[in-house]
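Hi,

Here is the structure I promised to pass on. Have a look at it first, and my notes on what turned up follow below.

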Amino acid sequence: MTGTMFIWLGAGRARRRKVGDAGRLLDEAARGGLPVPAGAILLDEFFRLARAEGLAVESGSRVTVADPQLLHNTLIHSVRLPRFRQPVRLCPVRAAGEASDSASARPSPAFIDFDDPAAAAGALAVAWSAFGPDGDARRDVLIAEQVAAQQTGVALMEESGESDLIRYAAQAGDMALSLPRLRRGLRPDEDLPPFGRRLQQLLRGARRTLGAGDWLVEWADDGHICWLVGVQRFLPSNAPP
């Protein structure tokens with residue numbers, strides 16, 4: 001099978017393929033050495049191939065998969081998409097420059113076993129359907145492995161701020177924390193809980209890698225590493241509740 005059908009996260013090729021921010025920024029973060037879960041971007045080229053071969057059937061805004069086993073075999077044996085060691089979640093990624101990209105950057109919270117042909121086909125059908133009936137739009141899909149997280153949350157990093165607004169889940173309910181911005185050459189604040197110290201370091205690295213701007217970062221801490229699992233430019237429309 002000729003042509004590039006997927007990009008492994010960290011390859012640094014998403015920008016050249018005009019992948020939208022939800023995938024491109026994770027690709028650049030992984031390329032820059034930040035801890036990003038293993039994953040891939042299944043490119044629009046594969047969707048168009050699947051549609052042309054009758055594997056993906058489009059009816060209005062809805063996409064269905066005619067033969068999940070055949071689609072899965074095509075992905076693994078013909079496209080040679082690497083197998084994932086952990087459950088994964090899928091996120092539709094709209095093309096760079098589309099106004100709705102920030103909304104599409106939020107992945108489904110459901111993780112699936114991508115080795116299960118029915119589960120993989122169902123998740124892909126949902127992701128492809130999320131783009132609506134625009135046949136000319138790119139339909140790239142981000143696939144990322146699950147982190148065995150002890151803490152998860154979002155961080156709002158404003159370029160002009162001295163602290164980052166952190167929201168995370170705790171036993172007492174949803175918590176908010178103003179996390180001091182960690183400057184270059186400084187050590188994490190010892191008064192913070194361990195995940196907070198790791199998060200400070202992650203956000204410092206995110207600023208270095210992503211550059212200037214206001215960013216909304218989704219993170220997950222497994223007790224040893226604080227992972228960057230999602231990132232988008234901050235807009236009022238995608239502010240954390």
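**Thr74 and its helix**

Thr74 counts as buried, because its relative accessibility is 12%, under the 20% cut-off for that label. Before I go further, please keep in mind that this is a predicted model.

Thr74 sits in helix H3, which covers residues 68–78. A polar atom of the Thr74 side chain lies 2.8 Å from the backbone oxygen of Leu70. Thr74 has company in being hidden: the buried residues of H3 are Leu71, His72, Thr74, Leu75 and Ile76. What covers them? The cover includes strand S2, helix H2 (44–52), strand S4 (62–65) and helix H5 (117–129). Just after H3 ends, Arg80 takes a positive phi of about 65°.

**How H3 meets H5**

A pair of packed helices is described by the angle between the two axes and the distance between them. For H3 and H5, the axes come within 8 Å and cross at roughly 90°. That makes H3 roughly perpendicular to H5. On the H3 side, the residues that meet H5 are Pro68, Gln69, Leu71, His72 and Leu75. Their counterparts in H5 are Pro117, Ala118, Ala120, Ala121 and Leu124. So if you click through this crossing, note that Leu71, His72 and Leu75 are in the contact set and are also among the buried residues of H3.

**The four-stranded sheet**

S2, which helps to cover H3, also belongs to an open sheet of four strands, in the order S1-S2-S6-S5 and with antiparallel pairing. Strand S1 (6–8) and strand S5 (88–93) are at the edges; each has a single partner strand, so one side of each is left without a neighbour in the sheet. On average, neighbouring strands here are turned by 20° against each other, direction ignored.

In general, strands of a sheet pair through backbone hydrogen bonds, either parallel or antiparallel. In this sheet, S2 (residues 39–42) and S6 (residues 140–145) run antiparallel and are joined by four bridges. Which residue of S6 is the bridge partner of Gly39? It is Ala144.

**Two aspartates to compare**

Asp164 lies in strand S8, residues 163–170. With a relative accessible area of 2%, Asp164 is buried. Its side chain makes a polar contact with the side chain of Arg207, at 2.6 Å. Not counting residues up to four places away in sequence, Asp164 touches Leu156, Met157, Glu158, Leu177, Ser178, Leu179, Leu203 and Arg207.

Asp174 belongs to strand S9, residues 173–180. At 72% relative accessibility, Asp174 counts as exposed, since the cut-off for that label is over 50%. Leaving aside its neighbours within four places in sequence, Asp174 is in contact with Tyr168 and Ala169. Gly153 is 21 residues from Asp174 along the chain, and their C-alpha atoms are separated by 9.3 Å.

**The whole chain**

Finally, the overall numbers. The protein chain has six helices and 11 strands. Of its 241 residues, 47% are buried. The accessible surface comes to about 11700 Å², and 49% of that belongs to carbon and sulfur atoms. Among contacts between residues at least 6 apart in sequence, 62% join residues at least 24 apart.

Shout if anything is unclear.

Cheers

Definitions and conventions. Residues are numbered from 1 along each chain as its sequence is written. This is a predicted model: local features need pLDDT of at least 70, side-chain atom pairs count only at pLDDT 80 or more; totals for chains, interfaces and linings use all residues. Side-chain values use heavy atoms; hydrogens and water are left out. Two strands pair if DSSP finds at least two bridges between them. Axes are lines fitted to C-alpha atoms, for helices over the stretch in contact, and angles run from 0 to 180 degrees between N-to-C directions. Buried means under 20% relative accessible area, exposed over 50%, partly exposed in between (1.4 Å probe, protein chains only). Contact means heavy atoms within 4.5 Å. A polar contact is a pair of N or O atoms within 3.5 Å; within protein, one must be able to donate a hydrogen and the other to accept it, and residues adjacent in sequence count only if both atoms are side-chain atoms. Accessible areas come from the Shrake-Rupley method with a 1.4 Å probe; for residues, only the protein chains shown count as cover. Angles under 35 degrees count as roughly parallel, over 145 as roughly antiparallel, 65 to 115 as roughly perpendicular and the rest as oblique.
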